Amino acid sequence: MSQPTQNHHEEEEEEDNVYLAEDDVEEVLEDDGGRPDFEEDAEEEQPQAEGSELKDLGDDLGNIELEAKRRRVVREDNSWGSIALHDNLKSIFALSLHPKFPNPPLAITGGQDDTGFIFCPIPPSASASSSEVNSRTFPPVRLTGHTDSLACAAWNHDGEMVATGGLDGRVRVWRRVRKSRGKPLTDEELEARGMEAWRNWEFLDNLETGSEIEWLTWHPKGNVLSAGCDDASVWMWSLPSGNTLNVFSAHTMPLTAGVFPPPYKNLLTSSLDSSLILWDPRSTSPIWKINTFLPPNITTINPSIHGTTSIAVSPRGDIAAVGGANGLVKVVHLIKGEILTILKGHRQGESVESLAFVDLIPGGGDGGKGLVIVSGGTDGKGFVWDVITGRVRSEINHSESITSLAPHPAPNTHLVTTSSIDGTLKTWDVRTGTLVGAHTGHSGGVLCVAVAPLPPSSEEGEEEKSQVAVVSADDEGYCKIWKV
């Protein structure tokens, strides 16, 4: 998930003021008052066999059953709630919470069933009224039109648009309907309607790239969308017009990550060919390009050794952390395009799947003395690295691969929640590596986690306590939520 220059910003502002006429809208998704039907995979008829063939078949089926039982470990469910919208036993590959969560309390997912959903993950309370906003009173909006799995799903900067990216090479974009009976509604009128104003979404555009979408990222301050593809290309569009701003082609293998670093004027992308590139959106030539994990004397690229797998950018946008398929993390100077530090801790040959910067002294203005990098790998380990010294401050562990991690918002910026193929999520105090809470209930591997604030809780006679929602998605079609 670069940044436009001032002239380009002016173009964005002009496009922001463009309203689609009713004839321009291809499809309006309206709330039908119901919930998606669950579709169970049809059982295939087993062929008949005799004698030794029947015994072999029985052994094979027994092994399959044992493997299925091994995977579906029954764990205590300590979640706040659960919701199953995607097809049973189909993985959910993408999860994102509304940028203003919990106002509105919405999430978006994309899955292996070629479908996305906009929904409310908050469960109904014991004394729920018809006016309470929860997973029952807000029927989910189904996002269709893809012909293959959705690898990405994301909100734009103000939560008025969503985009999904699929293995069919399509990026599809929807926008919240801001009119009633053909008449545009003001912000005040939309506010007065509450959650009713979030029920209807209009389809805007189908953006074709011709190659599987690996990631999507919106510009943090404007309606510019970027996508990285399996064919090594990077696309950038302006919305709602859908105009192509640029197509970048200096990578040579599938893209793995993209981000707009502060101050959001450029785009940083990584690829399995080991390259890390900083782009100016106005040019097809890189500002700089480095081979992050490819030694200078090596000419043959092996993606399982030299590939870059993940990136994260510091809050000030001056440095990036880059994770590799070889288990290394490298810190890169974003102005110069130079490698500053190599962080060794993950097992060799185990890829670094997730990275995040955490400022333990936010707003301290102390030159980054409280800044740490948190990394999670397929070795089941996570490390908290001091950015200045490059030393490990603490270590966190899962029994299987760590798939994603999510830092908590202020005032608890020292907390990070991780998800894992082992079926659990864990919240850690990264200052010490202390396990603060284990979140269980999934029977399959957890692929995604997202964290956002909730309204403070308070009990009679006690001060208000800050709390967050931890939302997860797994490889069996379920989303769960915890209050932390």
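Author: Before we start, two strands pair if DSSP finds at least two bridges between them. Also keep in mind that this is a predicted model.

Reader: OK, so over how many bridges do strand 23 and strand 24 pair?
Author: Strand 23 covers residues 328-333. With strand 24 it runs in the antiparallel sense, and one bridge joins Val-331 to Thr-341 in strand 24. The count of bridges for this pair is 6.

Reader: Which strands are at the edges of that open sheet?
Author: The sheet has 4 strands in the order 21-22-23-24, with antiparallel pairing. An edge strand here pairs on one side only. That picks out strand 21 (308-313) and strand 24 (338-344).

Reader: Where does Pro-263 with its cis peptide bond sit?
Author: The cis bond runs from Pro-262 to Pro-263, with omega near 0°. As for its place, Pro-263 is in the loop between strand 17 (255-259) and strand 18 (267-271).

Reader: Tyr-264 is in that loop too; is Tyr-264 buried, partly exposed or exposed?
Author: Tyr-264 isn't a glycine, yet its phi is positive, about 70°. Buried means under 20% relative accessible area and exposed means over 50%. Tyr-264 has 21%, so it counts as partly exposed.

Reader: And Ala-232, buried or exposed?
Author: Ala-232 also has a positive phi, about 80°, without being a glycine. You'll find Ala-232 in the loop between strand 14 (224-229) and strand 15 (234-238). Its relative accessibility is 5% and the cut-off is under 20%, so Ala-232 is buried.

Notes. Residues numbered from 1 in each chain as written. Predicted model: local features only at pLDDT ≥ 70, side-chain atom pairs only at ≥ 80, totals over all residues. Heavy atoms only, no water. Helix = DSSP H or I, 4+ residues; strand = E, 2+ residues; numbered from the N terminus. Buried < 20%, exposed > 50% of the residue type's maximum accessible area, 1.4 Å probe, protein only.
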